[in-house]
Amino acid sequence: MVCSICLSGQANTENEVIECDGCGILVHEGCYGVSDTESFDSFCSATSMEPWFCEACKAGVKNPHCELCPSQDGVFKQTVTGRWVHLVCSLYTPGMSFGDVDSLSKVSIFDMPYNRFGSRICSLCEDSRLAGTGICIECDAGMCKTFFHVTCAQREGLLSEAHVAEKEEADPFYAHCKLHTDRSVMRRRKTAYVTLLSRMKYWCERQSEIKASIEEGTAPEHVKKNYLRVQKKIKEYAERSKLDNSHTGWYPAEKVQRLVTSSAEAVKSLTKKAELMGLDLKRMEEIEAQEDNLNEISKRWNVNPAFSIEYVGYFLDREKRIETLKSQNGELLTQSDHLQKQETELQEKINEITGKQKCLKSNEESLRNSAAALLNFLKKLLPDSEKKFVMPSRLDAKNYFSKKGPESLVDNFRKLTSPNGIQPGRIKQCKVCSSGSDAHLMAQCDECLWYYHISCLNPPLTRLPKKSKMFGWRCSACDRISPSRLSPSRFVQDSDTEAGNVAPSRPKRRSAVVVPTEEPIKKKGKKL
């Protein structure tokens, strides 16, 4: 006699293995939560006892459907909503709760999220149509991602043996997959499960023989009386269960939505209906598998040629993808032509503005030359005592030096050359090749603000230089500028220095843009 919950045949006077007189299921009193039976110590007495029935037989339900797995074998418990679950499924599934812990009754499935139903595929199910029903538990061995139903794991001998001494632990009910279970222990559990099924099969055959003999009138009198007494008790319990419809326990006031394919009962009913309608289920499964393969064809880019639906689907999908790529390519070409036309128009405008700028610069130079000639003429007319003025240059040196000192030299130069801080005629145009193409491959100098193609530089660059708040990039022309040439004395006449009007300052270790002047610069008494 093997318990259908713990698969153990060990028993004693305090925890006997009892048998249901209605369905023949075998359970330990402690495993099933039996505490109100009139036990006469059957180990020591051969007298007849009062019949004992499981909850399913008391309710008059034969072959109930479990809400957590597709199996209909085993011992069941009723939920707070009147549905049925295996007691072993309730014990090993996380999130299940019992309203009465002592008798292990009033099971509730509403303490766990409903999206767990049908979210995993059982790796041990014999029927693939039922593998996605119910709730699957996970292997407790570390990071193992193997999922299976509780009853499927019990059939394969993968459930832990939760003895009475271990029930004081936090969670004595756990399971491991075949890879993380000892083979000898797994073989012993499978043997016990097969023994249980054999005994259940024998009990069912024995009951059918007794029923047939009673109908024929050949059964012994004591056997007939015992059979009729059991059937009478079952009817009494069933009528009492129908009158008592009040299921205590909390459950949602509104029904919670759930997929039909996550219910084993619904899948079995639909399968039976399909068989009665004369549908070929194997052919339907093949069609579903082919449809799944066709849905995944778009993710594959190479299928070997063959006379198969998979290759035909791949070929048709490839043609569709080619047409899509062609249409996208045509749109991109049209957009590219439009952008090239715009670029050509903008380049013409830039060239026109650059030509005007050159004309203005030539006019400016001619005016400056004429002004310089007039100033030289006026200088010759003035007496020698009044020739103590600074020769005007292209940009007045006083405007370069603010209150902060010579640090703002580059900023003031940029402000004076252009009100926007960018020199005119420098709109994404390479200084070397004077071309505006490949603007994404141009690098801008932080000193002269000119643009350069990375291929036009000497030596050329393989990628654009990185810039940040603390680092910049300068072209080779700006990098040749010596820091000593940024001294304030270069913008003042040598006569002022000799007179002591301006104190000589040490050169700053900071690079900047060199500003040209018209007067020769003297340094250390030598003419440059």
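**Helices and surface of a predicted model**

Visitor: Which residue follows α5, and what is the sign of its phi?

Guide: This is a predicted model, in which local features need pLDDT of at least 70, side-chain atom pairs count only at pLDDT 80 or more, and totals for chains, interfaces and linings use all residues. Residues are numbered from 1 along each chain as its sequence is written, and side-chain values use heavy atoms, with hydrogens and water left out. Helices (H or I, at least four residues) and strands (E, at least two) are DSSP runs, numbered from the N terminus. The residue that follows α5 is glycine 217, with a phi near 85 degrees, and its sign is positive.

Visitor: How far apart are the end C-alpha atoms of helix α5?

Guide: The expected span of a helix is 1.5 Å times one less than its number of residues. For the 34 residues of α5 (residues 183–216) this gives 50 Å, which agrees with the distance between the end C-alpha atoms, 49 Å.

Visitor: What covers the buried residues of α5?

Guide: Buried means under 20% relative accessible area, exposed over 50%, and partly exposed in between (1.4 Å probe, protein chains only). The buried residues of α5 include Met186, Tyr193, Trp203 and Ile214. By contact, meaning heavy atoms within 4.5 Å, their cover includes β1 (17–19), α4 (150–155) and α6 (221–243).

Visitor: Within what arc do the buried residues of α7 fall?

Guide: In α7, Ala264, Val267, Thr271 and Ala274 are buried. Seen down the axis of α7, they line one face of the helix, because the directions from the helix axis to their C-beta atoms fall within an arc of 90 degrees.

Visitor: Which helix do the buried residues of α7 pack against?

Guide: On the other side of α7, Lys272, Lys273 and Leu276 are exposed. The buried residues of α7, in turn, pack against α8 (281–295).

Visitor: Is phenylalanine 377 buried, partly exposed or exposed?

Guide: Phenylalanine 377 lies in helix α9 (residues 309–381), and together with Leu375, Leu378 and Leu381 it makes a nonpolar surface patch of about 390 Å². Because its relative accessibility is 49%, phenylalanine 377 counts as partly exposed.

Visitor: What percentage of the residues in the chain is buried?

Guide: The chain holds 12 helices and 12 strands. Of its 528 residues, the buried ones make up 32%.

Note on methods:
Patch = residues over 30% accessible without salt bridge, like charges linked within 9 Å, V, L, I, M, F, W, Y side chains within 5 Å. Areas by Shrake-Rupley, 256 points an atom, 1.4 Å probe, with all protein chains shown as cover. Salt bridge = Lys/Arg side-chain N within 4 Å of Asp/Glu carboxyl O.
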